[in-house]
Amino acid sequence: MEKLSQKNFCNQGITLIALIITIIVLLILAGIAIATLTGENGILNKANQASEETLKAQIKEEIELAIIEIQTEELPKGKNVTLDTLANGQLVSKLRRDYCRTAKW
């Protein structure tokens, strides 16, 4: 009878040790995952940087397209499109019209 209770005690001890080791491993993995997500060079910061760069590229492309559209409208009329004519409001008004037309209200 005594051998049976010793054997049962040893089985429970191994199960408890396995549980503790499993918890420690999970805590280590959780720490690594949190550091990977929120660190200075983490996934979330990289996603924010990529979002900002995408927005900059989109704005640049919209400006370039507006300039090309202005040139295609004005050159057949015999008007030269210079930086001064674009700076005098023609580009800004074109961008506003395009934005209002495509904006989702």
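Let's start with serine 93. It is partly exposed, with a relative accessible area of 29%. Partly exposed here means between the cut-offs for buried, under 20% relative accessible area, and exposed, over 50%, with a 1.4 Å probe and protein chains only. Serine 93 lies in helix α3. Along the chain, serine 93 and alanine 66 are 27 residues apart. In space, their C-alpha atoms are separated by 9.8 Å.

A word on the source. This is a predicted model, where local features need pLDDT of at least 70, side-chain atom pairs count only at pLDDT 80 or more, and totals for chains, interfaces and linings use all residues. Residues are numbered from 1 along each chain as its sequence is written, and side-chain values use heavy atoms, with hydrogens and water left out.

Now confidence. pLDDT is the predictor's confidence in each residue, from 0 to 100. The protein chain averages 80, and 81% of the residues score at least 70. By element, α2 has the highest mean pLDDT, 88, and α3 the lowest, 73. Where pLDDT is low, the predicted coordinates should not be read in detail.

The layout next. The protein chain has three helices and zero strands. Those are DSSP runs numbered from the N terminus: H or I with at least four residues for helices, E with at least two for strands. The order is α-α-α.

Does α2 have the span its residue count predicts, or what do we find? Its 32 residues should span 46 Å at 1.5 Å a residue, and the end C-alpha atoms are 47 Å apart, which agrees. The expected span is 1.5 Å times one less than the number of residues. Buried in α2 are Ala66, Ile70 and Glu74.On to the core. Which residues make up the largest nonpolar core? There are five: Ala66, Ile70, Val81, Leu86 and Leu91. α2 (43-74) and α3 (83-102) are the elements that give two or more residues to this core. A nonpolar core is a set of buried Ala, Val, Leu, Ile, Met, Phe, Trp, Tyr and Cys residues joined through side-chain atoms within 4.5 Å.

Take leucine 86, in helix α3. Its relative accessible area is 11%, so leucine 86 is buried. Leaving out residues up to four places away in sequence, leucine 86 touches Ile67, Ile70, Val81 and Leu91. Contact means heavy atoms within 4.5 Å. Leucine 86 and isoleucine 70 are 16 residues apart in sequence, and 8.6 Å apart C-alpha to C-alpha.

Then alanine 66. Setting aside neighbours within four places in sequence, alanine 66 is in contact with Leu91, Lys94 and Leu95.

Last, the whole chain. Buried residues make up 10% of the 105 residues.
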